[in-house]
Amino acid sequence: MNLIVYVILTIIAILCGQGVKHIEKKLIPLSLEQINYKEFFKNIKKDFKFDIKYTIILVLLFNLLYYFHGNMITTYLYMALLLVLLIVFSIDYKFQIIPDEAHICIILLSIINMIFHLNNILDYLLGALVGGGIFFIISYLSYFILKKEGMGFGDVKLMASLGLFVGVKNILVITLLSFLIGAIVGIILLIFKKKDKNSYIPFGPFIVIATIFIMFIPADYIIEVYISFCSMLGTKITDVIYCFMENNG
């Protein structure tokens, strides 16, 4: 029975992969206001091509989601969210813009999720407030202090809509992971001189990667690992300082 489910999910993932790639290409001119919605839906029927990249990603992630979460409403909502997040990743990476249509889709998925989890509505609403609020403050402070955009408003709306979907604890962990991933990628790019220190790096892809982590790894486990790492790092730094003071005492 499980084998049949995985086969069906694989077929759906293949079809969705082609749809995501096609919508992504057509959504870019819509986001840049080069076409209207009528042209968007008209053009979406044309030039439909097979895309191996999205196919592999979605086949892998769809099957992993079912393996880890089973036959639950959350599993299928995660799958739908993945489709949106892949579009966000690609468009933000290429054009430094996150379409409002993506935020609207995530909000609609969030509402469906809340219908099935009525007891957690307050947590989801606070998640939206905290997720959007943190990034709004960062964006405002960056502009006020550095006199330049540090975080785009698209990122603010993305975090608010994701917070509405995942709740407070998860959005805080997504925030932590996205900054850690962003810092690691930024350092690597600087080392290999792919970017200079004043170059703008879109943050949406880091949020997407962090959100996918949350789909598979519980927030409590990530928090526990982070606290353990900080504790170990603090101990090592303390030991180094103590040894330095003893040798120079």
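Colleague: Which residue just after α3 takes a positive phi?
Modeller: In this predicted model, Gly70 takes a positive phi of about 75° just after α3, where helices are DSSP runs (H or I, at least four residues) numbered from the N terminus. Local features need pLDDT of at least 70 and side-chain atom pairs count only at pLDDT 80 or more, while totals for chains, interfaces and linings use all residues. Residues are numbered from 1 along each chain as its sequence is written, and side-chain values use heavy atoms, with hydrogens and water left out.

Colleague: And how far apart are the end C-alpha atoms of α3?
Modeller: They are 26 Å apart, which agrees with the 26 Å that its 18 residues should span at 1.5 Å a residue, the expected span being 1.5 Å times one less than the number of residues.

Colleague: Which residues of α3 are buried?
Modeller: Tyr54, Thr55, Leu58, Leu61, Phe62, Asn63, Leu65 and Tyr66 are, buried meaning under 20% relative accessible area with a 1.4 Å probe, protein chains only.

Colleague: Switching to the core, how many residues are in the largest nonpolar one?
Modeller: It has 51 residues, a nonpolar core being a set of buried Ala, Val, Leu, Ile, Met, Phe, Trp, Tyr and Cys residues joined through side-chain atoms within 4.5 Å. Leu81, Leu162, Ile174, Ile207 and Met215 have the most contacts inside this core.

Colleague: Which helix gives the most to this core?
Modeller: That is α4, with eleven residues.

Colleague: What does Ile207 touch?
Modeller: Not counting residues up to four places away in sequence, Ile207 touches Phe135, Asp155, Leu158, Met159, Leu162, Ile174 and Ser178, where contact means heavy atoms within 4.5 Å.

Notes
Buried < 20%, exposed > 50% of the residue type's maximum accessible area, 1.4 Å probe, protein only. Helix = DSSP H or I, 4+ residues; strand = E, 2+ residues; numbered from the N terminus.
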